[in-house]
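This briefing covers side-chain contacts, nonpolar packing and backbone geometry in one structure.

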Amino acid sequence: LSFPVEIQAYTSPYGQRINPVTGQSQFHRGLDIAAPRGSYIRNWWSGQLVSLSDNTACGTMLVIASGSWEHIYCHLEGEVGSDSEGTYFYDSGANIMIRQNQIVPGGARIARVGMSGRTTGPHLHWGLKFNGNYIDPAIVLREMYKNQ
């Protein structure tokens with residue numbers, strides 16, 4: 001397992017909050033980790049890129065499945081494209097390209113912190129699902145920290 005980004009600050013926890021963009025109360029299904037724009041993001045755990053998008057409030061997004069876990073990375077630098085070989089994520093500034101269904105090793109650089117989608121500043125929105133249910137990523141990070 002790898003910490004997804006060098007932590008600068010947690011800017012928004014998992015749970016009920018006032019959305020900083022809309023001002024509305026909503027449930028936040030991830031942990032926002034502020035870091036300088038362009039900071040590298042590492043794959044939390046070896047797995048397969050199962051979903052990618054760049055046209056939602058989450059901005060440019062990758063979802064990697066590792067067994068019963070899904071880890072979600074949002075607001076990334078780069079873009080999603082497609083060619084004759086399928087759909088891919090590409091960040092030309094970091095020379096990173098990952099194709100849908102590709103296996104990605106744990107700890108591998110997969111993207112960089114950006115400001116795509118609906119955001120007020122550069123950060124990684126990191127979400128986790130276990131057996132299809134969202135869980136608080138801070139719980140996992142605390143356990144990783146205790147056991148390093």
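In this predicted model, the side chain of His123 reaches the backbone oxygen of Gly121 at 2.9 Å. The points below give the setting of His123, then the nonpolar cores, and finally two asparagines with positive phi, Asn101 and Asn131.

**Surroundings of His123**

- His123 is found in strand 14, an element that spans residues 123-130.
- Because its relative accessible area is 8%, under the 20% limit, His123 counts as buried.
- The side chains of His123 and Thr119 are joined by a polar contact of 3.2 Å.
- Leaving aside neighbours within four places in sequence, His123 is in contact with Asp32, Ile33, Ala34, Ala35, Cys74, His75, Val113 and Gly114.

**Nonpolar cores**

- The largest nonpolar core has 28 residues, of which Ile41, Trp44, Leu62, Tyr73 and Ile110 touch the most other members.
- Elements giving two or more residues to this core include strand 4 (31-34), strand 6 (47-53), strand 7 (61-66), strand 8 (69-74) and strand 14 (123-130).
- Helix 1 supplies the largest share of this core, four residues.
- A second, separate core consists of five residues, among them Cys58, Met61, Val63 and Ile72.

**Positive phi values**

- Most residues other than glycine have a negative phi.
- Asn101 has a positive phi, near 80°, and lies in the loop between strand 11 and strand 12.
- Asn101 has 49% relative accessibility and therefore counts as partly exposed.
- Asn131 also has a positive phi, near 50°, and is placed in the loop between strand 14 and strand 15.

Conventions. Residues are numbered from 1 along each chain as its sequence is written. This is a predicted model: local features need pLDDT of at least 70, side-chain atom pairs count only at pLDDT 80 or more; totals for chains, interfaces and linings use all residues. Side-chain values use heavy atoms; hydrogens and water are left out. A nonpolar core is a set of buried Ala, Val, Leu, Ile, Met, Phe, Trp, Tyr and Cys residues joined through side-chain atoms within 4.5 Å. Buried means under 20% relative accessible area, exposed over 50%, partly exposed in between (1.4 Å probe, protein chains only). A polar contact is a pair of N or O atoms within 3.5 Å; within protein, one must be able to donate a hydrogen and the other to accept it, and residues adjacent in sequence count only if both atoms are side-chain atoms. Contact means heavy atoms within 4.5 Å.
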